[in-house]
Amino acid sequence: MTAPLLSVKNLKKYFPVRKGVLSRVVAQVKAVDDMSFDLAPGETLGLVGESGCGKTTAGRSILRLIEPTSGEVTFDDKPVTGVGSTELRRLRREMQIIFQDPYASLNPRMSVADIVGEGLKVHGIAKGRKDLEERVAALLEKVRLDPAYVNRYPHEFSGGQRQRIGIARALSLDPKFIVCDEAVSALDVSIQAQIINLLMDLRDELGLSYLFVAHDLSVVQHISHRVAVMYLGRIVEIANTTTVFEAPKHPYTKSLLSAVPRADPEAKIDRVILSGDVPSPMNPPPGCTFHTRCPVAFDLCKVEEPPMRDMGDGHEYRCHLEPADAPGI
Ligand code: SF4
């Protein structure tokens with residue numbers, strides 16, 4: 001088996017809730033709770049779940065854009081957690097992020113040349129002005145933007161073009177790993193497809209690995225080799241993409257899948273309608289945190305946390321139901 005490029009072990013991110021004049025900690029919001037997975041070089045892992053399930057916090061904790069509460073992250077055999085700011089700065093060159101909102105993530109006062117070239121200047125990569133201009137032009141060509149636009153400002157571009165600028169910025173330091181944080185969620189469907197195809201081409205050309213965070217399962221299907229489904233801060237199912245879409249085991253994964261529109265109107269779909277809202281991560285239900293909404297919950301689910309069941313071949317799901325009682329869809 002190939003050595004993982006990224007290894008995440010028991011990652012937790014709890015946000016303290018403070019109250020009163022003494023600002024006492026009265027509760028913890030468990031945004032990410034005991035997350036573990038590996039990512040191989042060139043691999044894309046889709047991380048999906050409803051809004052507020054902790055997937056964005058997970059991506060940012062892995063990069064240490066926010067400090068994890070505990071757990072270990074290793075990148076290319078080097079620790080990410082626990083290292084000082086100098087080493088972290090060096091690691092950040094190889095670990096980048098593409099943000100969700102191409103309207104908010106680009107400084108409106110900076111030209112495209114400054115946005116894309118900033119990292120090259122800060123890290124001393126560009127050797128002089130001409131080299132910087134050539135590198136920026138090459139990056140714009142890579143994301144299929146005309147280098148002639150280099151002196152324009154973000155407001156002069158469409159949403160899709162702005163996201164291409166964000167991708168060029170992420171690529172400027174020649175990374176190996178990119179967190180795509182809802183990178184296409186703010187775009188029209190036709191533009192989403194173009195950006196996903198661009199990300200796949202870049203992955204193949206540059207050997208990149210992605211953690212592709214999205215709330216929409218149909219978006220991750222095309223680009224991901226494996227998919228991890230999150231609920232209330234925890235991964236509840238992880239498997240290769242075909243297994244997740246054709247033979248999921250966890251009731252939550254099945255409910256998410258049943259909401260995905262199918263191209264074939266004749267296809268028989270057993271809709272799984274979830275009742276209620278996602279519970280607060282400040283006060284998660286005991287036992288299986290999904291039991292308040294699970295259509296097949298039984299008594300044990302209310303009191304005992306379910307184990308992660310290993311189906312082999314990298315397929316794991318967190319549920320009290322035995323594999324024989326949890327048939328695929
Ligand atoms: Fe549903 Fe129980 Fe499985 Fe949780 S453990 S997903 S409540 S059946």
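A residue is called buried when its relative accessible area is under 20%, exposed when that value is over 50%, and partly exposed in between. With that scale in hand, a walk through this predicted model can begin at a turn. Asp-76 lies in the loop between S4 and S5, and its relative accessibility of 27% falls between the two limits, so Asp-76 counts as partly exposed. The backbone of Asp-76 deserves a look too: its phi is near 55 degrees, a positive value in a residue other than glycine. For context, most residues other than glycine have a negative phi.

The turn that holds Asp-76 belongs to a hairpin, formed by S4 and S5 with two residues between them. Strand S4 covers residues 70-75 and runs antiparallel to S5, to which two bridges join it. Phe-75 stands opposite Lys-78 in S5, while Thr-74 has Pro-79 of S5 as its bridge partner. Phe-75 also serves as a link to another strand, since it is the residue of S4 that Leu-6 stands opposite. Strand S1, residues 6-19, is joined to S4 by five bridges, and these two strands are likewise antiparallel.

Taken together, these pairings belong to an open sheet of four strands in the order S2-S1-S4-S5, with antiparallel pairing. At its edges are strand S2 (24-39) and strand S5 (78-79), each of which pairs on one side only.

Edge strand S2 offers two residues to compare. Asp-34 is found in strand S2 and has a phi near 65 degrees, again a positive value in a residue other than glycine. Asp-34 counts as partly exposed because its relative accessibility is 29%. Leu-39 has its place in strand S2 as well, but with a relative accessible area of 0% Leu-39 is buried. Neighbours within four places in sequence aside, Leu-39 is in contact with Pro-4, Leu-5, Leu-6, Thr-44, Leu-45, Phe-177, Ser-209, Tyr-210 and Arg-226. As a guide to distance in the fold, the C-alpha atoms of Leu-39 and Ser-105 are separated by 26 Å, with these positions 66 residues apart along the chain.

Attention now turns to the helices. Gln-163 lies in helix H5, which spans residues 159-171. At 1% relative accessibility this glutamine is under the 20% limit and therefore counts as buried. Beyond residues up to four places away in sequence, Gln-163 touches Ile-98, Phe-99, Gln-100, Pro-102, Ala-183, Leu-187 and Ile-195.

Helix H9, residues 251-258, is mostly covered, with eight of its eight residues buried. Among them are Pro-251, Tyr-252, Lys-254 and Leu-257. The buried residues of H9 pack against two helices, H7 (217-223) and H8 (241-246), and against two strands, S9 (226-231) and S10 (234-240).

Pro-251 of H9 leads on to the ligand, as this proline is one of the residues around it. The other residues around the ligand are His-250, Cys-288, Phe-290, His-291, Cys-294, Val-296, Ala-297, Cys-301, Cys-319, His-320 and Leu-321. By class, this shell has nine nonpolar and three polar residues, and no charged ones. As for its location, the ligand sits in the largest cavity.

Methods: Residues are numbered from 1 along each chain as its sequence is written. This is a predicted model: local features need pLDDT of at least 70, side-chain atom pairs count only at pLDDT 80 or more; totals for chains, interfaces and linings use all residues. Side-chain values use heavy atoms; hydrogens and water are left out. A residue is near a molecule or strand if one of its heavy atoms lies within 4 Å of it. On a 1 Å grid over the protein atoms alone, a cavity is a set of points where a 1.4 Å probe fits but cannot get out, and a pocket is an open set with protein on both sides within 12 Å along at least five of seven lines; lining residues have an atom within 4 Å of a point. A molecule sits in a cavity or pocket if more than half of its atoms lie within 2 Å of its grid points. Ala, Val, Leu, Ile, Met, Phe, Trp, Tyr, Cys and Pro count as nonpolar, Asp, Glu, Lys and Arg as charged, and the others, Gly among them, as polar. Buried means under 20% relative accessible area, exposed over 50%, partly exposed in between (1.4 Å probe, protein chains only). Contact means heavy atoms within 4.5 Å. Two strands pair if DSSP finds at least two bridges between them.
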